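Hi,

Here is the structure I promised to pass on. Have a look when you get a moment, and my notes follow below.

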Amino acid sequence: MDGVQKDIVARLQKDILCLQGQRPATNSLAGKVVLGPVLDAFPQKVFPTGAVHEYISTSPAATAATSGFIAGILGSLMQNGGSCVWISPEKIIFPEGLRSFGIEPDRVLFIHLKKERDICWAMEAALQVEGLAGVVSELPDLNFTVSRRLQLAVEKSGVTGFVLRHQPSKLHPTACVSRWQISPFASYHPDQMPGVGLACWNVELQKIRGGKPGSWRLVWMDGYFQVLPEVSLISSQTLLRKIG
Amino acid sequence: MRRFMAIWFPHLLAEGMLRRRPHLKDTLFVVATPDHGRMRVTAVCQAAQKQGITMGMAVADARALVANIQVLDDEPQLSLQLLTGLGHWCIRYTPVAATDVPDGLLLDISGCAHLWGGEENYVEDIQNRLKGFGYTTRIAIAGTVGAAWALARYGKSPVILAPPGEERAMLMSLPPAALRLETTVVERLQKLGLYTIGPFMNMGRSILRRRFGVGLLDRMDQALGWKEEPLKPLRPVVPYQERLPCLEPIVTRSGIEIALQQLLNTLCERLVKEGKGLRKAVFKAYRVDGEAQLVEIGTHLPSQQATHLFKLFELKIDQIAPALGIELFVLEAPSVEKARSSQEALWHNSTLNDTKLAELLDQLTGKLGKGIVHRYLPDEHYWPERSVREAKELSEQPTITWPKDRPRPMRLLPVPEPVEVAAPIPDYPPMHFRHRGKLHTVKKADGPERIESEWWISDGKHRDYYVVEDEKGERYWLFRLGHYTEGKPHQWFLHGFFA
């Protein structure tokens with residue numbers, strides 16, 4: 001009896017997700033996003049593609065960390081040779097920096113727009129293009145109406161959208177499928193070597209539709225997101241320097 | 001079948017003057033220009049002509065005939081200006097309009113007249129409209145430029161339509177000057193009693209050439225269509241062009257949209273047939289008052305999709321001000337390229353060559369302005385801000401590979417921001433740095449990586465870059481400008497943020 005009930009519950013949950021506009025993870029791309037333990041938080045343990053994700057950052061350094069995290073996800077979505085669109089107010093993303101996250105920089109189309117209205121319009125238009133690996137936009141803030149429009153656009157096309165809110169005024173609800181906050185964390189070197197090591201982040205999944213929010217410490221190692229081993233937390237306080 | 005129209009303005013200067021200065025309507029006037037120390041009449045208004053004043057007369061003589069005549073100064077190049085204006089106006093009737101200095105226009109009207117319901121209506125329309133502007137005209141249509149010119153100037157009636165193939169018969173009775181000959185040749189012909197073209201038209205060519213030079217034969221051949229006579233159009237003709245004249249002036253947006261749709265459909269049909277796609281299209285709307293309104297679109301990949309192109313134009317239709325109405329729509333494709341095969345779009349994953357992606361970019365640049373879409377390729381330069389260059393084409397591939405093993409930040413500031421730094425000893429990474437008033441304590445650091453300035457591009461010092469991590473785990477890219485010299489303050493800058 002218990003097993004049957006579980007099945008029914010699982011099916012109902014799936015139905016609810018469909019009604020909420022989230023596609024079942026039939027997309028082959030979804031399986032490629034390797035997020036380690038974070039995957040457990042998602043419904044059906046698969047990164048929700050074909051949805052809009054919202055990222056919150058408050059400082060330039062946090063914005064850079066968030067860009068890196070998004071680039072890591074985008075890199076796996078672009079494995080099949082797809083292309084993506086990155087909308088920002090000015091030329092600030094350094095194409096060469098995207099390489100370390102598995103993105104071929106010449107496959108990214110950068111769109112520079114100053115006005116918030118224009119960015120929203122461009123993002124909505126881009127999200128309607130079927131087959132794009134992803135669309136990232138850097139917005140000061142996101143209101144509910146805009147997020148709803150973006151969500152409706154992706155429901156049709158199945159493109160994954162990422163909104164980076166770098167000046168959030170109030171954390172009011174949006175129609176996005178998830179809300180993340182990424183902050184930088186002291187870098188990790190597998191061999192305890194001096195110098196700056198691999199990029200590490202405090203990943204906080206504050207909201208996820210149909211899943212369980214949580215927070216993790218991740219490191220970008222060998223082209224994947226991995227859990228940060230505990231060792232690095234006891235870092236030496238002395239200034240160490242690698243000559244190079 | 002080629003058809004040409006010659007329009008002759010017998011009183012071009014006088015009527016042009018009158019159009020520019022309407023207050024002269026009821027006064028007698030002549031236009032005069034200095035010639036050998038006296039003023040000579042170059043144009044006469046019709047009323048003055050009736051009083052006996054003719055062209056070439058001295059102004060003193062004209063004053064003797066009519067005491068209160070007004071003398072206007074001739075403006076150099078006025079006739080050319082007037083003709084150019086009229087020629088541009090005539091583009092609504094045919095794409096090929098050429099000026100014929102000093103007092104005429106030549107139009108290539110092949111395949112145009114039927115749009116107005118036959119040559120009679122076509123000529124009548126043109127003549128009435130020009131009359132409305134105040135110009136007296138004599139118009140002739142013939143199969144050659146030469147014949148049309150001759151019939152317009154020396155024909156008996158103000159409108160002559162030479163049926164195809166009849167040029168020879170109609171030219172017979174005209175004087176030799178109708179062949180656009182030099183005055184010396186005309187005089188010689190007259191001296192020999194050849195007052196019309198007919199008698200010498202059938203003479204042996206060698207005889208004519210010996211007596212009157214090769215010019216006469218050339219002109220005769222041109223008039224009879226044995227020799228090609230090219231026109232020099234005022235506006236170069238675009239090979240991909242569609243025209244839509246309207247019966248009634250169009251003033252509404254929906255009207256303009258219907259016209260645009262129709263033009264796009266015909267143009268795209270032609271492009272599909274030829275396997276081409278357009279990169280640039282111009283939509284022109286000629287208004288009743290003689291103004292032309294135009295909107296332009298560009299595409300990232302050659303396109304032959306009428307619906308997509310319509311979408312691009314739709315964003316710009318607002319810019320067309322119909323005023324009293326639009327009477328002619330023209331769609332031109334000045335830049336046309338070979339279309340890519342549609343097979344590439346079969347793959348679901350969107351690549352940069354995908355039509356859909358190109359259509360998105362067209363839409364973006366169409367609405368939000370050019371120069372917002374950028375794609376970067378690696379470039380061989382030392383400085384990070386110069387190490388990428390913009391791709392010109394969507395399909396352009398990098399010529400060199402992206403460098404791999406260097407630590408490069410995720411976000412690079414367009415302009416490095418100065419920071420205050422405390423560094424322990426020369427060549428050491430800083431201990432603290434202050435950026436925008438906020439103090440960061442450096443916990444970990446890598447470096448320096450020296451990046452030389454490129455002396456062949458600009459002067460300046462080298463940069464020593466350090467990757468540093470502060471107490472919160474935030475990673476920055478700092479650099480010191482130039483060597484460390486004792487006693488001198490050295491400049492440090494923040495250039496980027498690592499992920």
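Which residues of helix α13 (residues 306-314) of chain B are buried? Going along the helix, they are B:Ala306, B:His308, B:Leu309, B:Phe310, B:Leu312 and B:Phe313. Keep in mind that this is a predicted model, and that goes for everything else in this email too.

As for what those buried residues of α13(B) pack against, the partners are two helices and three strands of chain B: the helices α12 (253-274) and α14 (355-368), and the strands β10 (276-287), β11 (292-303) and β12 (326-338).

Now for the backbone. Two residues in chain B caught my eye, as each has a positive phi without being a glycine:

- B:His36 has a phi of about 50°. It sits in the loop that runs between β2 (29-35) and β3 (38-44) of chain B. With a relative accessibility of 78%, B:His36 counts as exposed because the cut-off for that is over 50%.
- B:Arg180 has a phi of about 60°. Its place is the loop between α7 (167-171) and α8 (183-191) of chain B. B:Arg180 has a relative accessible area of 16%, so it is buried, the limit being under 20%.

So one of the pair, B:His36, is exposed, whereas B:Arg180 is buried.

One last backbone item: the peptide bond that leads from B:Val101 into B:Pro102 is cis, and its omega is near 10°. B:Pro102 belongs to the loop between β5 (96-100) and β6 (104-108) of chain B.

Cheers

How values were computed
Residues numbered from 1 in each chain as written. Chains lettered and ligands numbered in written order. Predicted model: local features only at pLDDT ≥ 70, side-chain atom pairs only at ≥ 80, totals over all residues. Heavy atoms only, no water. Helix = DSSP H or I, 4+ residues; strand = E, 2+ residues; numbered from the N terminus. Buried < 20%, exposed > 50% of the residue type's maximum accessible area, 1.4 Å probe, protein only. Contact = heavy atoms within 4.5 Å.
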